[in-house]
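Below are some points on the model you sent, set out in the order in which I would read it. They begin with the division of the chain and then turn to contacts, one helix and the charged pairs.

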Amino acid sequence: MMLPFRRRKAPEDAPAPSVGEDVRVYAIGDIHGRDDLFAQLLDRIAQDEAGRPPLPRLLILLGDLVDRGPQSAQVVERAMELARSGQHVRFIKGNHEEMFIAAARGGAQAARYFRRLGGVETLASYGLCPDAGATMSDEALAQWMLAHIPRDPIDFLDDFPDMLPVGDYLFVHAGVRPRIALDAQTAADLRWIRGDFLKHRRPFDKMIVHGHSISEDVDVQPNRIGIDTGAFRSGRLTAMGLEADRRWFLQTGA
């Protein structure tokens with residue numbers, strides 16, 4: 001006998017998600033080659049933190065550092081400097097990192113998709129004329145990347161994990177597959193998913209913080225928070241601050 005389906009309701013007094021009492025988290029959405037905005041937002045974060053009580057800080061970048069904007073090489077270098085600085089910084093791998101890495105390691109098919117999704121701008125930041133980047137063959141493009149893009153940035157990007165849990169939050173690039181346990185998610189979904197994740201209304205095991213899907217402003221839902229505000233075209237790069245069960249947002253100006 002089939003029992004009637006009943007939608008579970010979250011208790012009205014359910015506690016707000018928390019990152020814990022011993023850390024302050026700042027998560028930054030998709031930068032996409034806007035090093036100017038990246039620098040501005042880091043300054044905003046420093047100013048914001050200066051006005052709060054001392055607490056260990058964790059900075060999280062949600063992926064898609066590269067493509068579309070004009071300064072991808074500079075964004076990656078700034079991220080590498082942060083990683084070398086001794087600060088507590090973590091990075092999530094996005095779908096644009098995935099394509100960039102595969103193309104830069106000589107993959108012609110990957111170079112084809114990389115070029116279509118903003119890779120010409122990335123290659124210009126590494127010294128390739130945009131006209132050449134747009135017209136050379138996929139094979140020639142992949143070989144140019146193999147010969148001219150330093151290996152250190154590629155290895156750095158390839159070391160990024162696909163998710164980072166912190167307290168009641170899970171930080172990913174794109175989202176998660178509904179009805180699949182969080183520890184059983186695939187890299188493809190974590191870096192690429194959109195519709196099934198964005199349309200899902202029931203709670204996940206953690207509050208999901210993600211980029212990847214552009215919204216005009218921060219997209220706060222009961223089960224997820226999207227902070228990709230289309231920096232490469234809007235001029236708004238967004239960070240979310242978290243401390244215990246509190247959250248707030250910082251943005252660069254449009």
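1. The domain bounds used in this note come from an automatic or database domain assignment. On that basis the protein chain, which is a predicted model, is divided into domain 1, covering 20-94 + 162-245, and domain 2, covering 95-159. The centres of domain 1 and domain 2, taken over C-alpha atoms, are separated by 24 Å, and the contact takes 25 residues from domain 1 and 20 residues from domain 2.

2. The size of an interface is often given as the accessible area lost when the parts come together. Between domain 1 and domain 2 the buried area is about 1,700 Å², and carbon and sulfur atoms give 57% of that area. On the side of domain 1, the residues that lose the most area to domain 2 are Asp67, Lys93 and Trp192, which together account for 32% of what that side buries.

3. The polar part of this interface deserves its own paragraph. Across the interface of domain 1 and domain 2 there are 17 residue pairs in polar contact, with both residues of each pair at pLDDT 80 or more. As for the elements involved, α2 (72-84) and α8 (187-192) each supply at least two residues of the side of domain 1 that touches domain 2, and the largest share of that side, seven residues, comes from α2. By residue class, the side of domain 1 that touches domain 2 divides into eleven nonpolar, nine polar and five charged residues.

4. How many salt bridges are counted between domain 1 and domain 2? The count is two. In one salt bridge of the structure, the side chains of Arg191 and Glu98 meet at 3.0 Å, N to O. In another, Asp158 pairs with Lys93, and the closest N and O atoms are 2.8 Å apart. Asp158 lies in helix α7 whereas Lys93 lies in the loop between β3 (89-91) and α3, so this pair ties together parts that are 65 residues apart in sequence. The two partners are covered to unlike degrees, as Asp158 counts as partly exposed at 28% relative accessibility, while Lys93 counts as buried at 6%.

5. Helix α3, residues 95-104, is mostly covered, eight of its ten residues being buried. The buried residues are Asn95, His96, Glu97, Met99, Phe100, Ile101, Ala103 and Ala104. The buried residues of α3 pack against α4 (108-125), α6 (138-148), α7 (151-158) and α8. After α3 comes Gly106, whose phi is positive, near 100°.

6. Asn95 is placed in helix α3 and is buried, with a relative accessible area of 4%. Leaving aside residues up to four places away in sequence, Asn95 touches Asp64, His173, Arg191, Trp192 and His212. Two of these names have already come up, since Arg191 pairs with Glu98 in a salt bridge and Trp192 is among the residues of domain 1 that lose the most area to domain 2.

7. Side chains of opposite charge can pair when their charged atoms come close. The structure as a whole holds 19 salt bridges. One of them joins Asp138 to Arg112, with the closest N and O atoms 2.8 Å apart, and this pair links distant parts of the chain, given that Asp138 is in helix α6 and Arg112 in helix α4, 26 residues apart. Asp138 counts as buried at 14% relative accessibility, whereas Arg112 is partly exposed, with a relative accessible area of 32%.

8. Salt bridges that share partners also join Arg24, Glu49, Arg57, Glu243, Asp245 and Arg246 into one network. Within this group, the side chains of Arg57 and Glu49 meet in a salt bridge at 3.4 Å, N to O, and Arg57 is partly exposed, its relative accessible area being 21%.

9. A last point concerns Ala140, which is placed in helix α6 and counts as partly exposed at 34% relative accessibility. The C-alpha atoms of Ala140 and Gly106 are separated by 9.3 Å, although the two residues are 34 residues apart along the chain.

Key
Residues are numbered from 1 along each chain as its sequence is written. This is a predicted model: local features need pLDDT of at least 70, side-chain atom pairs count only at pLDDT 80 or more; totals for chains, interfaces and linings use all residues. Side-chain values use heavy atoms; hydrogens and water are left out. Contact means heavy atoms within 4.5 Å. Buried area is the accessible area (1.4 Å probe) that two parts lose on being put together, summed over both. A salt bridge is a side-chain nitrogen of Lys or Arg within 4 Å of a carboxyl oxygen of Asp or Glu. A polar contact is a pair of N or O atoms within 3.5 Å; within protein, one must be able to donate a hydrogen and the other to accept it, and residues adjacent in sequence count only if both atoms are side-chain atoms. Helices (H or I, at least four residues) and strands (E, at least two) are DSSP runs, numbered from the N terminus. Ala, Val, Leu, Ile, Met, Phe, Trp, Tyr, Cys and Pro count as nonpolar, Asp, Glu, Lys and Arg as charged, and the others, Gly among them, as polar. Buried means under 20% relative accessible area, exposed over 50%, partly exposed in between (1.4 Å probe, protein chains only).
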